[in-house]
Every structure is written in C-alpha cells, then in structure tokens.
Amino acid sequence: MRSIWNGSISFGLVTIPVKTYSATDRTSSVSFVRIHEKDGAPVQYRKICELDGNEVPNEEVGKGYQPPGDDTIVPITDDDLSRLPMPTAKTLSILSFVDPTEIDPLQMDKSYYLAPNGASAAKPYTLLREALEHHRKVALGKVAMRGRESLAMLRAHDGALVMHQLLWPDQIRPATEVVPDDVEIRENEMTLAETLMDSLGELDPAELHDDYREAVEELVAAKLEGEEPVAPAAPASGAQVIDLTAALEKSVRAAQGGDTGAESESASVTPLRGRKAAKKSAAKSPAEKSGTTQQATARKTGAAGTKKAPAKKTAAKKSATAPKAADGRTKAASAAGKSTASRGTAAATSGKSASKSTAKKTAAKKTTAKKTGKRSSA
C-alpha cells in the first residue's frame with residue numbers, strides 16, 4: 001500500500017510519527033465508463049471555460065470559493081492556504097478519550113490505517129493501542145488532510161490503530177422530516193421482534209459478498225463469449241398489507257429452523273384490526289372436511305384389517321363411509337345394475353327354454369323317422 005499522508009499523533013507530551021494508508025478499497029465495486037452508443041467509443045471529459053467556451057488545460061485550473069447564496073467567486077491560491085494557521089496540518093491532536101457509544105455512526109466518513117513511522121515510534125504506538133483496548137475507549141481529536149480540517153477518531157483494531165475521519169456535527173441533517181407519526185406497538189409484537197433478533201444469531205463476515213458485482217461480471221463474461229445473458233428471475237410483488245404479528249411468527253419459525261409451509265398456514269395468527277373474525281362453521285374448508293372423513297375411513301379400514309375380515313366386507317364398509325352427497329348416485333347406480341342383471345337373467349332363461357323346446361322337436365322327428373324306416377322294411 002502507498003502512504004497517503006505522513007504526520008504524527010500528539011498524545012499529551014508524547015509524539016508518535018505515523019504513516020497513513022487507506023483502509024478501504026472502493027475499486028472492487030462496480031463502476032462504468034461513459035461511451036458513445038453509436039460507435040462504442042469512450043466519452044472524454046473536458047474542462048470548458050463558461051466565459052469563452054474554450055477548453056482549459058489542467059495546469060490552468062485553480063481554486064475558488066463561492067460564498068453561500070452569492071454568485072461571486074473569490075480566487076484562492078495555494079499560497080493563501082499555506083499562510084493560514086492550521087496546527088493540525090501535520091499532527092493529529094487528541095482532545096479527549098470517550099466511550100465508543102458517544103460517537104454517532106452518521107459522522108463516520110473515511111477510514112485509514114495508521115502505522116508507526118520509524119523504529120522509535122513502535123513503542124509509543126503500541127502503548128497507545130494497548131491503552132485504548134484496555135480502557136475500552138476511543139480517542140477523539142482533529143486532523144487536517146488534503147487541505148481541510150476534520151474531526152478524527154482513533155481506535156484499536158486487529159493489532160493496529162485505525163483513524164476514522166468524522167463529519168462535523170453541523171454536517172448531520174436532522175431526522176425530523178422522516179420520523180413517522182405516533183404508532184402504537186403492542187407488547188406481543190415487541191416480544192416477537194426481540195425473539196426474532198435473538199434467533200437470527202451471529203453473522204459470519206466471510207459469507208458477505210456483493211451479489212450485484214458478481215451478476216455484472218457474469219453479464220460481461222456472457223457478452224464477451226457472444227452468449228445471450230440469462231434473464232434474472234422476476235422479483236416478488238411489491239408492498240403488501242400484511243398481518244405484522246403473523247409475519248413475525250413465521251419469521252421466528254424460519255430463523256429457528258422450523259417449517260414455514262403447511263404448518264405455518266394452519267397456525268393461529270392475530271387478525272388485523274378492523275377485520276371481522278371468520279365464523280367457526282366456515283373455518284374448515286371442504287378439502288379439510290374431506291380429509292377428516294378420509295382419516296376416519298382409514299382408521300375403520302385399519303381396524304377391519306386387524307380382524308382379517310374378508311375383502312367383500314372391507315369394500316362394503318368403504319362404500320358405507322362414502323359422502324352423503326354421493327349416496328343417492330350410488331343407490332341409483334346399484335338399482336340400475338340390478339335391473340340390468342334381472343333383464344339379462346330373464347333373457348338367459350328364455351334362451352334356455354327355447355333351446356330345450358327345439359331339442360324336444362328334433363328328438364320327436366328322429367323317432368318318427370325310425371318308425372317309418374321299420375315299417376318300410378317290413
């Protein structure tokens with residue numbers, strides 16, 4: 001890493017020379033370049049003077065200060081800034097040691113690692129780090145970097161000193177415009193919310209990654225290979241009016257590894273205010289009633305199987321447990337079957353009678369022929 005600022009930490013009468021390194025890397029985030037869509041060429045940024053419309057080279061670009069609410073721009077040179085009294089230009093001056101909870105995270109701006117600059121700085125550097133860890137405090141001071149002064153917080157982290165540039169208190173906007181009106185929170189909702197917080201457990205930082213960056217990298221790789229990018233799945237529907245208590249209960253079951261499917265659907269939840277409670281008679285759906293009937297039938301069938309009853313009796317019991325709605329159709333079908341069977345039986349009886357009559361006639365003809373033959377021979 002390249003040092004971006006060299007200075008010292010002023011700790012009472014102790015001075016600790018340090019080098020400053022950026023603690024964050026923003027280059028890994030997704031960034032795009034502007035191109036001309038017609039031919040794909042990059043688009044350059046040029047500095048144009050608003051007065052004459054000509055391009056201004058970098059060596060002619062200077063600084064200016066525009067007072068708030070005024071159109072006047074006052075030129076400021078580097079010599080003007082160098083003559084300003086700024087005791088923190090090369091020194092981080094520690095003002096006090098405070099509890100970490102006293103620093104509002106909204107004030108956090110940029111983070112830097114501080115390293116001892118030289119062998120003589122190693123011992124006071126280590127002493128300050130150990131004192132911060134042992135006393136569980138952070139150091140609050142002021143430092144000037146890159147032409148501006150800011151608040152700074154020092155803390156011990158992973159064996160090193162970390163400096164966080166802080167915003168000034170007047171740079172934090174009030175939250176009055178975003179605070180909702182008075183909302184009533186019930187005790188059971190607060191209990192479920194706290195239970196959910198406890199159930200989620202700890203987070204492993206190694207599992208955190210940038211899904212958007214990975215998706216962009218896959219998209220670029222597909223385009224380079226000439227493949228059609230895979231369309232992502234459609235996101236879920238927008239905001240819905242939900243039962244907060246029911247959502248918390250399901251979330252707690254999911255965090256605890258419980259089933260959030262059919263089990264959660266049958267769970268009792270607190271209805272939203274203004275909703276009328278459903279009647280008990282309508283609570284069970286036809287599918288649930290049918291399931292109850294089938295369970296009773298299964299129990300009866302199991303009892304019959306243990307007694308080793310014949311299959312006909314089991315079938316008779318199954319037909320006897322059929323729903324009432326289908327009872328009429330079952331009886332009608334049974335009557336129609338009996339009528340058809342009786343007609344078939346009558347037809348079969350008639351056929352048998354006809355065949356017997358024909359056999360008798362044939363036997364009579366044979367007897368007559370025999371008698372006639374005997375008479376002729378005589």
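Student: In which sense do E1 and E5 pair, and over how many bridges?

Tutor: In this predicted model, E1 and E5 pair in the parallel sense over three bridges. Two strands count as paired if DSSP finds at least two bridges between them. Strands (E, at least two residues) and helices (H or I, at least four) are DSSP runs numbered from the N terminus.

Student: Which residue in E5 stands opposite serine 8?

Tutor: Threonine 91 in E5 stands opposite serine 8.

Student: And in which sense do E5 and E7 pair, parallel or antiparallel?

Tutor: E5 and E7 pair in the antiparallel sense, over five bridges. Valine 98 stands opposite valine 138 in E7.

Student: Before we go on, what are the ground rules for the numbering and the confidence limits?

Tutor: Residues are numbered from 1 along each chain as its sequence is written. The model is predicted, with local features needing pLDDT of at least 70, side-chain atom pairs counting only at pLDDT 80 or more, and totals for chains, interfaces and linings using all residues, while side-chain values use heavy atoms and leave out hydrogens and water.

Student: Now the interior: how many residues has the largest nonpolar core?

Tutor: The largest nonpolar core has 20 residues, and Ile9, Leu114, Leu128, Leu154 and Met163 have the most contacts inside it. Such a core is a set of buried Ala, Val, Leu, Ile, Met, Phe, Trp, Tyr and Cys residues joined through side-chain atoms within 4.5 Å. Buried means under 20% relative accessible area, exposed over 50%, and partly exposed in between (1.4 Å probe, protein chains only).

Student: Which elements give two or more residues to this core?

Tutor: Among them are strand E1 (5–11), strand E5 (91–98), helix H2 (122–135) and strand E8 (148–157).

Student: What does leucine 154 touch?

Tutor: Leaving aside residues up to four places away in sequence, leucine 154 touches residues including Ile9, Leu92, Leu114, Leu128 and Met163. Contact here means heavy atoms within 4.5 Å.

Student: Changing topic, how many salt bridges does a search of the whole structure find?

Tutor: The search finds five salt bridges, each a side-chain nitrogen of Lys or Arg within 4 Å of a carboxyl oxygen of Asp or Glu. One of them joins the side chains of lysine 63 and aspartate 78 (3.0 Å, N to O).

Student: Which parts does that pair tie together?

Tutor: Lysine 63 lies in strand E3 (residues 63–65) and aspartate 78 in helix H1 (residues 78–82), so the pair ties together parts 15 residues apart in sequence. Lysine 63 is partly exposed, at 49% relative accessibility.
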